[in-house]
Amino acid sequence: MSLDGIVTRALVHELQASVKARIHKIYQPTENELILHIRGQGVNGKLLLSAHPSMPRIHWTEQTWANPQEPPMFCMLLRKYCEGGVIEAVRQVGLERIVEIDVRHRDELGDSSFKTIVLEIMGRHSNLILLDPASGIIHDGIRHVTPAISSYRVVLPGSAYVSPPSQDKVNPLEATSSSFEALMDTLPADARQSDVNTISSTLLNAYTGLSPLLTREIAYRAANLQQEPWTVFDQMMRKVSENDYEPNLVIAEDGKALFSAVALTHAKGEAKTFDSMHQCLEIFYRDKASRDLVRQRTTDLNRFLLNEMAKNEKKLLKLQDTLKEAEEADHVRRLGELLTAYLHAFKRGDKTVDVIDYYEEDQPTISIALDPLLTPNENAQRYFRKYTKMKNSRSVVTEQMESTRTEMEYLASVLQGLESATPNDIGEIREELIEQGYIRERGLKRGMKKKKKDTPSVLCYTSSEGIPIYVGKNNTQNDYVTNRLAMSTDTWLHTKDIPGSHVLIRSAEYGEETLREAAVLAAYYSKARASSSVPVDYTRIRNVRKPNGAKPGFVIYEGQKTLFVTPDESLVQRMPSIVK
């Protein structure tokens, strides 16, 4: 992973500014993550400590994190021992991805206690532990490790803290020229400088705190600059030991992103540099962490919606087949009328009768199938009854097809809402599906009353002209933005014939730039996010209305004009925004 020992060292170095600051608040928004709100000593921010299996990390964050009404037990324990406490020290264990935060705290009685919060960044084995450093006893961990899980160490309340197993590697900051050259001498002579893969794997196996990304960078520089590997290695480690970092993020053409505390000259793609390692991680994980959390929490909804879409697609195909059969109703009526005109030409027991089809210009002779058990008149009436049935079914099938298409449009809009949802939006989408009868409510105990629905929180951007632009990211928010928040003189935008958000320019007067930015937002928060030249309709809100009985998020509008814009993520991220 990109978050190696060098990145951890850079993060810890920047966190020295928080020493002697106070932990004002503590909350645990998810089962793997903790937020420390730290104030004092010129510091005022939220520090994220994450033991997420795929995204463990530590950095200052400006994101909005939910504070659950019922805090988990681990959060309550940290509040007891650390909330209101002063940070005495922040350190890294060697060059490992282990960060320790010492906290001195006084309880209600004025008694002082000294605790250590330990964040172990170890991929799926990551953990966050509170322990008593004097005794080495664990108070608790965000993730329990029992003897059945690990034979090396246990992470349970009351057990002794044991550090993660050492890999018996050398600290690269303590490496010497002779030891490095001895390591290089183990390589074939022709691989010392030119074989990037061999040098990279050798360094990775020998030194702690270095990721494959960093060892490859060292090997690449040695090969490209035609320098000895030790020269490149020594220069890089000297800068690290002096805390001279170059936080950067590289986004490759395939969308994959890499970050490092050292300039990545070997990585191809768009490079961004940052003044702070914390800022670099915040940008890297901002969307990734949110999407991952939403994906975890909405797997069941996504699967359900896709199944419903598949069912409706099959239903529509069957209805189309039925409609095709019903289109032959007029032909059946003609056969009934021909039989009526030729009642004298056949009798009970006949299986067919040949008649002249006077509906055609050339009046051909055709053969009509009969039921030999019926009289001539009953055979004619049988065709008329079949005609009536087919005619009625045609109107019913047409209605069913329209209803099915409407439902598919609705399901597509909910799926689009899931794609652009934040963790805070999931509840609204689930509640909407419950109200529409698609899923059953869960977790509501007998006798409990359902809480009244609050006004949804809506994302509000500010245009370059200072005008607020509201974006509804699901049908509940769309209904609120369009039907309750908007005034008649406001301007409403939506992608043309594409599932997406309702966007509202909250002003009667605005310039072309605001209109363009609002259209970009409408395209960005739609199914066409990855497309170019997306059509976006816009009209005054007085021309938009919701039909009686329509599903959430559905409106009809008139008097619209159409803009063609290309979604621009960088523009969206630059625009100031707040959740109201």
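This is a short guided tour of the structure, stop by stop, for use in a viewer.

The model is predicted, so local features are described only where pLDDT is at least 70 and side-chain atom pairs count only at pLDDT 80 or more, while totals for chains, interfaces and linings use all residues. Residues are numbered from 1 along each chain as its sequence is written, and side-chain values use heavy atoms, with hydrogens and water left out.

**Helix H13**

Begin by selecting residues 512-524, which form helix H13; helices here are DSSP runs of H or I with at least four residues, strands are runs of E with at least two, and both are numbered from the N terminus. H13 has 13 residues and reaches 18 Å from its first C-alpha to its last, close to the 18 Å expected at 1.5 Å a residue, where the expected span is 1.5 Å times one less than the number of residues. Ten of the 13 residues of H13 are buried, so the helix is largely enclosed by the rest of the structure; buried means under 20% relative accessible area, exposed means over 50%, and partly exposed lies in between, with a 1.4 Å probe and protein chains only. Among the buried residues to colour are Thr514, Glu517, Val520 and Tyr524.

**Two positive phi values**

Select serine 533 next, in the loop between helix H13 and strand E19 (534-540). Its phi is near 50 degrees, a positive value in a residue other than glycine, and serine 533 is partly exposed, with a relative accessible area of 44%. Most residues other than glycine have a negative phi.

Move then to aspartate 497, in the loop between strand E17 (491-495) and strand E18 (502-505). Aspartate 497 has a positive phi as well, near 60 degrees, and this residue is exposed, with a relative accessible area of 72%.

**The cysteines**

How many disulfides does a search of the whole structure find? The search finds zero, a disulfide being a pair of cysteine sulfur atoms within 2.5 Å. Select cysteine 75 and cysteine 82 together: the sulfur of cysteine 82 is the nearest cysteine sulfur to cysteine 75, yet it is 11 Å away. Cysteine 75 is buried, at a relative accessible area of 0%, and cysteine 460 is also buried, at 3%.

**A last loop**

Finish at aspartate 244, in the loop between helix H6 (229-241) and strand E10 (248-251), where a relative accessibility of 39% makes this residue partly exposed. Add threonine 64 to the selection: the two residues are 180 apart along the chain, and their C-alpha atoms are separated by 31 Å.
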